[in-house]
Amino acid sequence: MPQSKPRKNPDRPSFAARAARAVISAFLAFNLFAIVSWCVPLESPLVQACRNEVRPYMLWTGLFQNWDMFAPEPSKLNSYIGAQIAFRDGHTALWSFPRMENLGLVDKYFKERYRRYANNGLRLDNNARLWPDAARYIARLHDSPGNPPVAVNLIRYWSVVPPPTSTGAYQPAPWQQYIFFRYQVAPGDLR
Amino acid sequence: MSLRSLVRAWNEFFFAPQPPLPVVLFRIFYGLLVLTDLVLLRPDWQTWFVPRGLITPETMRSIETGARIDVFAIVGQSAFWRDAVFWILLASAFMLTVGFRTRANSIVVWVLLASVHQRNLMITNSGDTILRATGFFLMFAPAGAAYSVDRWLRRRRGREGAEIPLHSPWAQRMIQIELSLVYLMTFWTKSQGQSWIDGTALHYVYHLDQFRRFPVPAFFLDPFVVSIETWLTLAIEFSLGALIWFKELRYPVLLAGLILHLSLEYAMNVPLFQWIMMATLITFVEPADLARAQAWLLQRIPLRLSAPAVARRTAWSAARISR
């Protein structure tokens, strides 16, 4: 009966194990390269070129990331987003997304995503594509068969956080507001 | 240094077998955090994910272009599938937590969680990004190797003995590296901000009303104390990114990290983020120390285990520690 030849070095991993390790190593090296080049806060042409190469992979897997919480500077604005809704009978109403500072402890946990959406998304000019959807959504929230909304104005409210004083006394700045988007509601928007 | 030594160091770091306890514990916390996240999302699920909600799928795709993992693109946007995705994700997260069909459920959780995030990226925060990134590597980890229904079933069928098999920690290492990068990049970006250097940054953070949770005692708002807190935050974030890799410094750094995150949890309303970070820090705890902690717990907590079972487990832990 043929005997299998004893391996020269029993501690040495088998070919299959070494091949698996090589494949995993390549996977790890690629992921390290992709993640670091994506999140490193450098804007050199080389880093940009690397990001472009790994972009499809990072987007598809959801590994895209940037770590700039309160950085490089924390926000110096208290802000929220509201809306002015005009109805067919001529009266208007004010409404706002949930404001965390007015909510109880439990509601703050549940509603925080509204703050994220309104303050970090909807408020910014470079997210203007969000504005019509938001206006239509607010119109639908306020729809009533006899007196539908005819216009929705989105409003930014903000108050600057003043720099610290030597005594530590803090006096918040007054609130300001600005209508940043006006939307005429079409009948189809309410369906 | 030679190339050969570099390869050896790489292999030792990523592939030298070790007890999988850190990543197993991380799996349990990860599952619990996904479950909590879903519970928090549920009341507004329709607002965020219906086709005529606050953001339509078309708008989302026009802002965030490119091919993305998205089951909604396959199953459609009907009310049935929106709810089905929620309940399947919830069930999978539960099964991942208890370690039943761990690998399969880690894949389902990651795919569905990424899909939910991609459907509405405007409501996601840094905690969601960590869940996605660590969840990706968790799929490759031996996350069901212990404290799991899978292990219980394997033992019952005689496929595994009392000892938990050792595993290559490469997936756990990637989770560690991911976490380390979070702190390092945050530190790097903050170090470019004037207010972080002159020590006033936390003054602004403390006065952002939308983040406030519990009142911060007046002592901590004193300008001098705020400066110290600001610089301490930078120092701890740097330590969690860099110094945590040195065994001698690891536990003091982990302790500082826990204090930082618990303080932030007290003062700031960023739901789950601090818990996600603290859960991920578990991957840095030495397996031998976790085994020691387990032995200590088993001797003190009146679990319904027979005396021989406790003795056996303690002996296993001690054997691991001595390796």
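**Notebook: chains A and B, predicted complex**

I started with strand β2 of chain A, which is hardly covered: zero of its five residues count as buried. For the record, a residue is buried if 20 or more other C-beta atoms lie within 10 Å of its own, exposed if 12 or fewer, and partly exposed in between, with C-beta atoms placed from the backbone. Helices (H or I, at least four residues) and strands (E, at least two) are DSSP runs, numbered from the N terminus.

**Ground rules**

I noted that this is a predicted model, where local features need pLDDT of at least 70, side-chain atom pairs count only at pLDDT 80 or more, and totals for chains, interfaces and linings use all residues. Residues are numbered from 1 along each chain as its sequence is written, while chains are lettered from A and ligands numbered from 1 in the order in which they are written.

I then checked confidence. pLDDT is the predictor's confidence in each residue, from 0 to 100. Chain B has a mean pLDDT of 92, with 93% of its residues at 70 or more. For the complex, the predictor gives an ipTM of 0.90 and a pTM of 0.92.

**The sheet in chain A**

Back to β2(A) and its surroundings. I found an open sheet of four strands in chain A, in the order β2-β1-β3-β4 with antiparallel pairing. Two strands pair if DSSP finds at least two bridges between them. β2 (92–96) and β4 (176–184) of chain A are the edge strands, each pairing on one side only. Direction ignored, neighbouring strands here are turned by 25° against each other on average.

I looked up how β2(A) is held: it pairs with β1 (residues 77–87) of chain A in the antiparallel sense, over five bridges. One residue pair I wrote down is A:A83, whose bridge partner in β2(A) is A:W95. α4(A) packs on this sheet and touches β1, β2, β3 and β4 of chain A, with its direction at about 115° to that of β3(A). Such angles run from 0 to 180 degrees between N-to-C directions, and the axes are lines fitted to C-alpha atoms, for helices over the stretch in contact. Contact itself takes two C-beta atoms, placed from the backbone, within 7 Å.

The link between β1(A) and β2(A) is a hairpin with four residues between the strands. In that turn, A:G90 has a positive phi of about 100°.

**A:N147**

What does A:N147 touch, leaving out residues up to four places away in sequence? I get A:F87, A:R88 and A:D89. A:N147 is in the loop between α4 (131–141) and β3 (149–160) of chain A. It counts as partly exposed because 13 other C-beta atoms lie within 10 Å. I also checked A:R115: it is 32 residues from A:N147 in sequence and 30 Å away in space, C-alpha to C-alpha.

**Domains and the loop before β1(A)**

The domain assignment, automatic or from a database, splits chain A into domain 1 (15–61) and domain 2 (77–190). Their C-alpha centres lie 40 Å apart.

I then went through the loop between α2 (45–61) and β1 of chain A, where A:P72 has its place. The peptide bond from A:A71 to A:P72 is cis, with omega near -5°. A:F70 is in that loop between α2 and β1 too, and has a positive phi of about 55° although it is not a glycine. A:F70 counts as buried because it has 21 C-beta neighbours inside 10 Å.

**Where B meets A**

I counted 59 residues of chain B in contact with 55 residues of chain A. On the chain B side, the helices that each supply at least two residues include α1 (3–15), α7 (102–119) and α13 (223–241). Which helix gives the most to this side? It is α10(B), with eleven residues. The side divides into 30 nonpolar, 20 polar and nine charged residues. Here Ala, Val, Leu, Ile, Met, Phe, Trp, Tyr, Cys and Pro count as nonpolar, Asp, Glu, Lys and Arg as charged, and the others, Gly among them, as polar.

**Two residues in chain B**

B:Q118 lies in helix α7 of chain B. Is B:Q118 buried or exposed? It is buried, because 23 other C-beta atoms lie within 10 Å. Residues up to four places away in sequence aside, B:Q118 touches A:G62, B:R68, B:I69 and B:D70. B:V71 is 47 residues from B:Q118 in sequence but 9.7 Å away in space, C-alpha to C-alpha.

Last, I noted B:R101, in the loop between α6 (79–98) and α7 of chain B. B:R101 has a positive phi of about 45° although it is not a glycine, and counts as partly exposed with 17 C-beta neighbours inside 10 Å.
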